[in-house]
Amino acid sequence: MRLSRYFLPVLRETPAEAQIASHRLMLRAGMIKQAAAGIYSWLPLGYRVLRNIERIVHEEQQRAGHIPLLMPTLQPADLWRESGRYDAYGPEMLRIRDRHDRDMLYGPTNEELITDIFRSHVSSYKDLPLTLYHIQWKFRDEVRPRFGVMRGREFLMKDGYNFDLTREDALHAYNRHLVSYLRTYERMGLQAIPMRADSGPIGGDDTHEFLVLAETGESEVFYDSAITDLKFGSRAIDYDSHAECRAVLEEFTSRYARTDETHDPALFEQIPEERRRVARGIEVGQIFYFGTKYSEPMGATVQGPDGKAVPVHMGSHGIGVSRLAGALIEANHDERGIIWPREVAPFHVGIVNVKQGDAAADAACEGLEAALGKAGLEVLYDDREERAGAKFATMDLIGLPHRITVGPRGLDKGVVELTDRRTGESEEIKPELVAERLTQG
């Protein structure tokens, strides 16, 4: 992609309304633009990041055996009256009426709608277990939307729903989701810590929320540092195995990790002092097991092995996809701008031509652009008639993992400069070796 042909409206000044790093940097980097309080347009750069986050979530959900679909943003109020939540949900729900005077709502979540789909098409225990999910826009009318996409009114969320015959099977689905979520966050370069939480209006007895460590987090977190040493890497997980999912769950959650609301100083002090940590955390996901809370009132039953109708056991599982874009920046930035982890970066590498119009520099940049693209890397080539300092500032601001600097002085020596955005380290390298170096990680 040539920057001269791209839409990247970067801002030189920090907008006054932006209070936290992610909000400031998303506005300055031309990722988002506010349409109304808590509602944002995702501009091209931000949209690329959003789609990369969404891709990782899809891949990890389907790796765990979950099936994607897509439900509408608008839902009939009658379904929520069946479950008893229409009046109980509160003013966060946006209630509307269509031209036929029917009560509708802009979905804040989809338990009722997915239960209606299930009861219409599944009638036998032989069709279980089943987990369906989608990634869809939601709306919750926050009284004080703030912090950009971190606490907006409209947001993109992955929400999934499991249907199981027994409580034991449903708790396996719960464990399976917990493991798949930890793997999802790790792929994005995030350290997420699962913690017991309050179920809120979703309901249920078992729930974990996932917090990403960041200085600007909303919650204070007390934890054993040993938990941050646990990694999946390329490790394979048999998601169908109850025992293996339980083992991974125990590996990642028997260590102390609590927010200020559930913190127990006495238990915390039992951890060796050198491993005690106090930090801030941002919630980026939550999973719930709520049994038959929705299936019983809405008649979602299956014929069991004995021929009798039984209500299915359910759970729901959410990941804040758009919120993750902000959380990633909160955890990955410096005074110059964003530092994207490779898997979510809008482009893998940026090329800076420090002397646009110089025949040799132009040819070298075009050759690099072609070679990197052929190697499967996404490239943003700054070919603007702009001073070099401004080009470097733009690349630092938008935070691509690598920058290649091309100029006559280096080309006279047969090299270009390759810079790592995270470490700041630079090296001179022959242009024909750049693609191989970057594809090797």
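This briefing walks through the empty spaces and two helix crossings in the structure above. Keep in mind that the model is predicted. Inside it there are two cavities of 30 Å³ or more, and we'll also take a look at the second largest pocket, with a volume of about 330 Å³. If you're wondering how anyone spots such gaps, rolling a probe the size of a water molecule over the atoms shows where empty space is left.

**The largest cavity**

- The largest cavity holds about 120 Å³ of space.
- Which residues line the largest cavity? They are Leu 182, Tyr 185, Glu 186, Leu 190, Gln 191, Ala 192, Pro 194, Ile 227, Leu 230, Lys 231, Phe 232 and Phe 252.
- Two elements, α5 (167–187) and β9 (192–196), give two or more residues each to that lining.
- Helix α5 has the largest share of the lining, with three residues.
- Sort the lining of the largest cavity by class and you get nine nonpolar, one polar and two charged residues.

**The second largest cavity**

- About 60 Å³ of space sits in the second largest cavity.
- Its walls are made by Tyr 40, Trp 42, Trp 137, Val 149, Glu 154, Phe 155 and Ser 322.
- Strands β2 (39–42) and β8 (154–164) are the elements that supply two or more residues to this lining.
- By class, the lining of the second largest cavity splits into five nonpolar, one polar and one charged.

**Where α5 meets α6**

- Helix α5, which you just met at the largest cavity, also packs against helix α6 (residues 242–253).
- The axes of α5 and α6 are 9 Å apart, and the angle between the two helices is about 55°.
- Are α5 and α6 parallel, perpendicular or oblique to each other? They count as oblique, because an angle of about 55° lies outside the 65 to 115 range for roughly perpendicular and is not under 35 degrees either.
- The crossing of α5 with α6 is left-handed.
- On the α5 side, the residues in contact are Glu 168, Asp 169, His 172, Asn 175, Arg 176, Leu 178, Val 179 and Leu 182.
- On the α6 side, their partners are His 242, Cys 245, Arg 246, Val 248, Leu 249, Phe 252 and Thr 253.
- By class, this contact brings together seven nonpolar, four polar and four charged residues.
- Two names should ring a bell: Leu 182 and Phe 252 take part in this contact, and Leu 182 and Phe 252 also line the largest cavity.

**Where α2 meets α8**

- Helix α2 (residues 44–63) and helix α8 (residues 321–331) cross at roughly 110°, and their axes come within 9 Å.
- That angle makes α2 roughly perpendicular to α8, because angles of 65 to 115 degrees count that way.
- This crossing is right-handed.
- From α2, Val 49, Leu 50, Ile 53 and Glu 54 reach the contact, and they meet Val 321, Ser 322, Leu 324, Ala 325 and Leu 328 of α8.
- The contact of α2 with α8 has seven nonpolar, one polar and one charged residues.
- Here's another residue with two roles: Ser 322 is part of this contact, and Ser 322 lines the second largest cavity as well.

**The second largest pocket**

- The second largest pocket has 15 lining residues, and the ones nearest its centre are Val 10, Arg 12, Arg 384, Ala 390 and Thr 394.
- Which helix gives the most to the lining of this pocket? That's α10 (residues 388–398), with four residues.
- The pocket lining divides into eight nonpolar, one polar and six charged residues.

Definitions and conventions:
Residues are numbered from 1 along each chain as its sequence is written. This is a predicted model: local features need pLDDT of at least 70, side-chain atom pairs count only at pLDDT 80 or more; totals for chains, interfaces and linings use all residues. Side-chain values use heavy atoms; hydrogens and water are left out. On a 1 Å grid over the protein atoms alone, a cavity is a set of points where a 1.4 Å probe fits but cannot get out, and a pocket is an open set with protein on both sides within 12 Å along at least five of seven lines; lining residues have an atom within 4 Å of a point. Grid points are joined across faces, edges and corners, and a volume is the space filled by probe spheres set on the points. Ala, Val, Leu, Ile, Met, Phe, Trp, Tyr, Cys and Pro count as nonpolar, Asp, Glu, Lys and Arg as charged, and the others, Gly among them, as polar. Axes are lines fitted to C-alpha atoms, for helices over the stretch in contact, and angles run from 0 to 180 degrees between N-to-C directions. A crossing is left-handed if the near helix is turned anticlockwise from the far one by less than a right angle, and right-handed if clockwise. Contact means heavy atoms within 4.5 Å. Angles under 35 degrees count as roughly parallel, over 145 as roughly antiparallel, 65 to 115 as roughly perpendicular and the rest as oblique.
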